[in-house]
Amino acid sequence: QVQLVESGGGLVQDGGSLRLSCVASGRTFSRYHMGWFRQAPGKEREFVVHIRSSGSTYYADSVKGRFTISRDNAKNTVYLQMNNLKPEDTAVYYCAATTRTYAIGSYYYTRSTYEYWGQGTQVTVSS
């Protein structure tokens, strides 16, 4: 069992930046593929970005060039640096983890791939 705890959310102005953190329990963090999803009010939870255990990454088009995911295996932590934030980025951001390994990268864009979820952290971008 893995527990994920997100932090770093808050209120920021249009064009501002935030860095989210997700700390995982357990000793095998380096083996997990990690993802960030977000859910805006009245909308489905959507994929934002993922990072494999190998370090390879994939970003949703909506955040490409503005968001950066990274991981520090020594700290059991994955980060999401968000720059040039826009009001449409307002959502609850969720960290997710899975040990499932797929050759097809697009499998990591779907919620059902992930076995563990954090409680979420609110990000609000004001215009």
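Okay, Lys-64 is where I'd like to start, and you'll find this lysine in the loop between β6 (57–59) and β7. Keep in mind throughout that we're looking at a predicted model. So, is Lys-64 buried, exposed or partly exposed? Partly exposed, with a relative accessible area of 44%. Its side chain makes a polar contact with the side chain of Asp-61, at 3.1 Å. If you set aside the neighbours within four places in sequence, Lys-64 is in contact with Tyr-58 and Tyr-59. And if you want a feel for the distances here, take Val-49: Lys-64 sits 15 residues from Val-49 in sequence, and their C-alpha atoms are 8.9 Å apart in space.

Let's stay in that loop for a moment. Ser-62 is also placed between β6 and β7. This serine comes out as partly exposed, at 40% relative accessible area. Pair Ser-62 with Phe-47 and you get 15 residues of separation in sequence and 10.0 Å from C-alpha to C-alpha.

Then there's Gly-65, again in the loop between β6 and β7. Gly-65 counts as exposed, because its relative accessibility is 81% and the cut-off for exposed is over 50%. From the C-alpha of Gly-65 to the C-alpha of Asp-89 is 14 Å, with the two positions 24 residues apart along the chain.

That brings me to Asp-89, so hop over to the loop between β8 (77–82) and β9 (91–98), which is where this aspartate is found. How accessible is Asp-89? Just 1% in relative terms, and buried means under 20%, so Asp-89 counts as buried. Now look at the side chain. Which residues does it pair with through polar contacts? One is Arg-38, where the side chains are joined by a polar contact of 2.9 Å. Another is Arg-66, with a side-chain to side-chain polar contact of 2.7 Å. Both arginines also turn up in the wider set of residues that Asp-89 touches, alongside Phe-67, Asn-84, Val-123 and Val-125, once you leave out anything up to four places away in sequence.

Asn-84 is on that list, so let's click on it. Asn-84 also has its place in the loop between β8 and β9. At 41% relative accessibility, Asn-84 counts as partly exposed. What about its backbone? Phi is positive, about 50 degrees, although Asn-84 is not a glycine.

There's another asparagine with that kind of backbone. Asn-76 has phi near 55 degrees, a positive value in a residue other than glycine. You'll see Asn-76 in the loop between β7 (67–72) and β8. Here the relative accessibility is 15%, so Asn-76 counts as buried under the 20% cut-off.

Move along to Thr-77 and you're in strand β8. Thr-77 is buried, with a relative accessible area of 5%. Its side chain has a polar atom 2.7 Å from the backbone oxygen of Lys-75. And who does Thr-77 meet from elsewhere in the sequence? Without the neighbours inside four places, its contacts are Ser-21, Cys-22, Val-23, Phe-29, Ser-70, Arg-71 and Asp-72.

Okay, let's zoom out to the whole chain. How many helices and how many strands are there? There are 0 helices and 11 strands. Reading along the sequence, you get β-β-β-β-β-β-β-β-β-β-β. The radius of gyration is 14 Å, close to the 14 Å that the globule rule gives for 127 residues, so the chain is as compact as a globular protein of that length. If you'd rather think in terms of a box, the C-alpha atoms fill one of roughly 40 × 30 × 25 Å along the principal axes.

What's inside and what's outside? Buried residues account for 45% of the 127 in the chain. On the surface, the chain exposes about 6500 Å², and 46% of that comes from carbon and sulfur atoms.

Contacts next. Take the ones between residues at least 6 apart in sequence: 59% of them join residues at least 24 apart.

Last bit, charges. The chain carries 14 positive side chains and 9 negative ones, and the centres of the two sets are 7 Å apart. If you take one spot away from this, go back to Asp-89, buried at 1% relative accessibility, with its side chain in polar contact with Arg-38 and with Arg-66.

Key:
Residues numbered from 1 in each chain as written. Predicted model: local features only at pLDDT ≥ 70, side-chain atom pairs only at ≥ 80, totals over all residues. Heavy atoms only, no water. Helix = DSSP H or I, 4+ residues; strand = E, 2+ residues; numbered from the N terminus. Rg over C-alpha atoms; globule rule 2.2 N^0.38 Å. Buried < 20%, exposed > 50% of the residue type's maximum accessible area, 1.4 Å probe, protein only. Contact = heavy atoms within 4.5 Å. Areas by Shrake-Rupley, 256 points an atom, 1.4 Å probe, with all protein chains shown as cover. Lys, Arg positive; Asp, Glu negative; His and termini not counted. Charge placed at Lys NZ, Arg CZ, Asp CG, Glu CD. Polar contact = N/O pair within 3.5 Å; in protein donor to acceptor, adjacent residues only side chain to side chain.
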